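Okay, thanks for coming, everyone. I'll put the structure up and then walk you through the fold, the sheet and the pocket.

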Amino acid sequence: MSVEYRLRLQIRRVENGQYLATSEDFDGLVAQGRTVAETVEIAQDVARKLVESCREHGDPLPDGLHAIDMDIVELDIPVGV
């Protein structure tokens, strides 16, 4: 059974015009993309790989990573106008 986790990202625009995502909840998570959506997608992939690595090596998951109830999912999403 797959578990989904909530992970807070901080995304900021950097000098080259791209976006950089980091997380205070998950040390080592860094992702960069051309758009916010692409950056989030890359961050999800990086987080997934970091979780898999923790599990494979028997390391604890970060305290800031919380399992979520998939019956109700709340998301903050950017909407450009």
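**The overall layout**

So, what we've got in this chain is one helix and five strands. Keep in mind that this is a predicted model. Starting from the N terminus, the elements go β-β-β-β-α-β. There are 81 residues, and 21% of them are buried. If you follow the C-alpha trace along its principal axes, it spans about 40 × 30 × 20 Å. And if you take contacts between residues at least 6 apart in sequence, 32% of those link residues at least 24 apart.

**The sheet**

Now, the sheet. Three strands make an open sheet, in the order S2-S3-S4, and the pairing is antiparallel. S2, which is residues 10-13, and S4 are the edge strands, each with a single partner, so one side of each has no neighbour in the sheet. From one strand to the next, the twist averages 20°. H1 packs on this sheet and touches S2, S3 and S4, with its direction at about 150° to that of S4.

Let's go strand by strand. S2 and S3 form a hairpin with five residues between them. In that turn, look for Gly17, which has a positive phi of about 90°. The two strands are antiparallel and share four bridges.

On the other side of the pairing, S3, residues 19-22, runs antiparallel to S4, again over four bridges. A handy residue to click on is Tyr19. Which residue in S4 is its bridge partner? That's Gly33. And over in S2, it's Arg13 that stands opposite Tyr19.

One general thing before we look at S4: in a regular strand, side chains alternate between the two faces of the sheet. In S4, residues 30-33, Ala31 and Gly33 are on the covered face, while Val30 and Gln32 are on the uncovered one. So Gly33, the bridge partner of Tyr19, belongs to the covered face of its strand.

**The pocket**

Last stop, the largest pocket. How much space lies in there? About 1200 Å³. Its lining is made of 29 residues, and the ones nearest the centre are Tyr5, Arg6, Leu7, Gln44 and Leu75. Two elements give two or more residues to that lining: strand S1, residues 5-6, and helix H1, residues 36-57. Which element gives the largest share? It's H1, with ten residues. As for chemistry, the lining has 19 nonpolar residues, eight charged ones and two polar ones.

To pull that together, H1 turns up twice: the helix packs on the sheet, and it gives the largest share of the pocket lining. Okay, that's my bit, over to you.

Notes:
Residues are numbered from 1 along each chain as its sequence is written. This is a predicted model: local features need pLDDT of at least 70, side-chain atom pairs count only at pLDDT 80 or more; totals for chains, interfaces and linings use all residues. Side-chain values use heavy atoms; hydrogens and water are left out. Buried means under 20% relative accessible area, exposed over 50%, partly exposed in between (1.4 Å probe, protein chains only). Two strands pair if DSSP finds at least two bridges between them. On a 1 Å grid over the protein atoms alone, a cavity is a set of points where a 1.4 Å probe fits but cannot get out, and a pocket is an open set with protein on both sides within 12 Å along at least five of seven lines; lining residues have an atom within 4 Å of a point. Grid points are joined across faces, edges and corners, and a volume is the space filled by probe spheres set on the points. Ala, Val, Leu, Ile, Met, Phe, Trp, Tyr, Cys and Pro count as nonpolar, Asp, Glu, Lys and Arg as charged, and the others, Gly among them, as polar. Axes are lines fitted to C-alpha atoms, for helices over the stretch in contact, and angles run from 0 to 180 degrees between N-to-C directions. Contact means heavy atoms within 4.5 Å.
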